[in-house]
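Trainee: Could we go through this structure together, taking the packing and the cysteines in turn?

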Amino acid sequence: MLSETIGFRRARLALAAALCLGLAAAQVRAAPPRIPTLLLSGSNNHDWRTTTPRLKAILEATGRFTVTVTERPGELTAAALAPYRLVVSNWNTFGMGDAQWPEAARRAISGFVPGGKGWLTIHAGGSSFYDWPDYQRLAGPSWTNGVTSHGAMHRFVVQMSDAGHPITHGLRLFITRDELWNRPGVQPGAQVLATAYSESAGGGAGRDEPVLTALQVGRGRTCGLTLGHDVDAMATPGFGLLLARAAEWAATGAVTQPIPRTPLGSAEADWAAAALRTWRSGDPNGIVWALEHDAGQCAGTPGVQAAAKRLLTVASDAAATLDGRRQALRLLTQLAGPGDVPALAALAKEPALTADVAALLTSVPGKEAAALRAALPISPPVRVGSSSGQIARAAAELDAASAVARPALLRRGLRGPDAARLRAAVAYLAVAPTDVVAGLLPAAAAMAPTGTIALLDAASSRSLPTPPAVLAGVLTSARPGMAAAAVRAAACAPGAGVARLLLDTAKRRPDLAPAIRVSLSAAPSPGIDDALVALAPSYSGLAATIAYEALAERCGAAQVAKLMALAEREPGSRRALLPWLADRGGAVELERLLHLHGKVPAGERGPVTDALTRMAGRLRCTEPVLRAVRRAQGGVRVELLTVLGACEGRAALAELTQAASSADPDTRASAVAALGAWTTADAAPALLESARSAVTARDRTLALRGLARVAPQAGQAHASSVAPTVVSALALADRADTLNLLLTALASLPSLETLKAVEPYLASPETTAAAVAAQIISVEALAGVAPPEAREMAVRLAASSDPALRSRAAEALVRMDLGPNVALGARAETTTSNAPDGQGGGAASAIDGSRATYWDETDDHGPYGIRVILPAPRTVGLLRLVAWAHHDYSPRDFEVVLDGATVRTMRDAQYDGDVLLIRLEPTRCTSVELRISGWYGKSPAIRELEIYERTRREP
């Protein structure tokens, strides 16, 4: 750790302030456009109602993002996603069973990132769609059932494990209080950028766990951030930094946001200091590094005294470990001042600490410190030779030098081999004037590796162009970190020569490919665009891909025609450029791609077909695609039928319906596949007819599976019109797996006909589960109408041996027998001052009609109470309480109070599953209150408190 004089610290602070002002001015002059961002919300086993607004606020406060929130992500389509550059997911399916999204949404999501856009998953968003590989790849660190776990919320240190990545470059660490996942799944090829040590003593895995990953997916990027359990965790400045930087990188491949000073908050610093008291050599170093970082951030600021006092307290604590006390003294080298000398004199009397105090005193200015140091019983070699003393003197030399002499001192220090001078010079570079850094750049290749890396990074942070000759020398270095630093610096160097240097490096160093692409994408415009167009065809493999991807990343709408021409001319460019064109091209480019599709060999049509499909789905230009289909033959026509399917609309549906009955098996299969991917149920009749006329069992199965996919798009509102189509298809299925798919489709079309149609499939063990699921869903949907057939089936299902099925049937019977739930539309309030706990919401969560939300308050802080105020007086005859879980976090002992009068007292309430029915003497009232004095678990939680008037019949 660098020891500094007070004067040197002040100089650094002043220069840093000037640099920050310069950066701020540059941003005002050329603010980058805001990134259109879609934030997925509306379902999460965490409190998405509070975390979603916080995420939106953090992102928009940076000035880089415009955030739109959707609470219905399952309705997304490619067209709906087209305006956005980034998707942030605060949405998950945890606890929702086999929740699925329609095929249109799945297809749109699967194609969003590979086309060059970004995806960022927050915390529990990584616990979704466990059987959907494309989604898991987007999620980053994901919850793996049976493997992943977490302990209680606690404080821990988050460290950057890859300082060279654009997201984490310049960051170091921070402390947060959050939920740390143990053993999350990490996608193959993902870079782990930040980790946190999971203490085994706290139920952790006893190892570093990933908290932030980054992954290149096609031309796009994904990040997964496992932090962010609640709004308090999101309030940590380090979380906001990682979130915003990860979001910008995912969207653009680069990060432009400055890094502010990030000293620890008082609570975090106190926690770290307390942990240092028990720290021993060999323990994880996170606590030490956190306090070291805090010392550097506080030096020269008003917070220096509080930080110094905190460490002096640790060093003076005789009950603390010797290792912890010595570390506290070492960390004080940046903070201690003349006022701390008396406390240091007392510590110097302890033989075990004398040498440490002597080393510390070399960085403390003033006669008192010098006199104390001279009086200590330490031999000169130890006193003079201490690392911190040498560094302090080198720093003081730099501090005292004139503006003319300082560059020469810096150059000498950066060349080495004097380690103390090198460390002092590297530290000074962070705040050195821009002209000083520029003057040192020509000699960068002749410096020590550490000096070269620091100088190049200092140049890139100031947007200084490094001479191409210097970059050429450093890019060929085999020393660790040298070439990577040159790649980063190249982002500020324009010209064809730099483009060639980077592409040549990509051939030698494939490990630097992501960084090279970022630098090429961000490099100043003069000459780079034309250079990439000219150079890319002369390269092959990875280097060519990087060139084309960077070119696509750099270009905007004005360059569409130029890149379209390049894609037509250069086959090697198509995999990189065509997805970009698919997102930006218009009707003219669609026509040119259709023409190109008919010219290229069969083995090269894949990227063209994919781009056409995406472009057609975005533009919905049916007519040109129809003309191309009708004039094409053979394999070209077969592939264009897929493109036509993306257009949708009546004309496309009619053409595909006709093609589905073609005598050519490939044409028929392509048409049926396109119909099976339709985003509405309009394709269901055509698929049924195709199944009926199928020549082979394979064709019939393909059509029936497609029918099972599209039929659910009808939804409950149109179930009665589409369900007969699926019922007819059941008679054509000759395989159990196909039958089950169709029965599952029927489950999404609940109706009386569905209830009757699934009856024959209850007897077969292979189809019983799907048939029962369709029955219970239909029973639940028909509960409000309550036809006799639905009641009869509900009674049968209520006798099932399956507890979950029995509970759902009983619930349906209750709904058949009751009138409306009058709690819906009422107002709820708590009757105590307790705060919401965990992911529990306020009292309104107990009467919102959703099991996904619940009322819960601080653990072990009873008694508890909740009151519902009805809009008008009602005659209340029954309460139905849906608890958090069966005999877990649920009310056990409570009074039911109507308009202030107790009408029922419950003791040791026994739930059927998670449901408790409470019958009351019918009473006219306006308020319904539960006064809870006993509970299962640590506090009571209620998912729904339903209130009914007199029953139509006794349930």
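Mentor: What follows is a set of questions and answers on a predicted model.

Trainee: Which helix gives the largest share of the largest nonpolar core?

Mentor: The largest nonpolar core has 142 residues, and Leu520, Leu532, Leu593, Val625, Leu640 and Leu742 have the most contacts inside it. Its largest share is eight residues, and these come from helix 26 (residues 541-554).

Trainee: How many residues are in the second, separate core?

Mentor: This core is separate from the largest one, and Ala328, Leu344, Leu347 and Leu353 are among its members. Its count is 41 residues.

Trainee: Is Cys492 buried or exposed?

Mentor: The relative accessible area of Cys492 is 14%. Buried means under 20%, so Cys492 counts as buried.

Trainee: How many disulfides does a search of the whole structure find?

Mentor: A disulfide needs two cysteine sulfur atoms within 2.5 Å. For Cys621, the nearest cysteine sulfur belongs to Cys647 and is 7.5 Å away, and Cys621 is in no disulfide. Over the whole structure, the number of disulfides found is zero.

Trainee: At roughly what angle do the axes of helix 27 and helix 28 cross?

Mentor: Helix 27 covers residues 560-569 and helix 28 covers residues 574-584. Their crossing is left-handed. The axes come within 10 Å, and the angle is roughly 140 degrees.

Trainee: How many charged residues are in the contact of helix 27 with helix 28?

Mentor: Helix 27 contributes residues including Leu563, Met564 and Glu568, and helix 28 contributes residues including Arg574, Trp580 and Arg584. By class, nine are nonpolar and no residue is polar, while the charged residues number three.

Conventions:
Residues are numbered from 1 along each chain as its sequence is written. This is a predicted model: local features need pLDDT of at least 70, side-chain atom pairs count only at pLDDT 80 or more; totals for chains, interfaces and linings use all residues. Side-chain values use heavy atoms; hydrogens and water are left out. A nonpolar core is a set of buried Ala, Val, Leu, Ile, Met, Phe, Trp, Tyr and Cys residues joined through side-chain atoms within 4.5 Å. Buried means under 20% relative accessible area, exposed over 50%, partly exposed in between (1.4 Å probe, protein chains only). Helices (H or I, at least four residues) and strands (E, at least two) are DSSP runs, numbered from the N terminus. Axes are lines fitted to C-alpha atoms, for helices over the stretch in contact, and angles run from 0 to 180 degrees between N-to-C directions. A crossing is left-handed if the near helix is turned anticlockwise from the far one by less than a right angle, and right-handed if clockwise. Contact means heavy atoms within 4.5 Å. Ala, Val, Leu, Ile, Met, Phe, Trp, Tyr, Cys and Pro count as nonpolar, Asp, Glu, Lys and Arg as charged, and the others, Gly among them, as polar.
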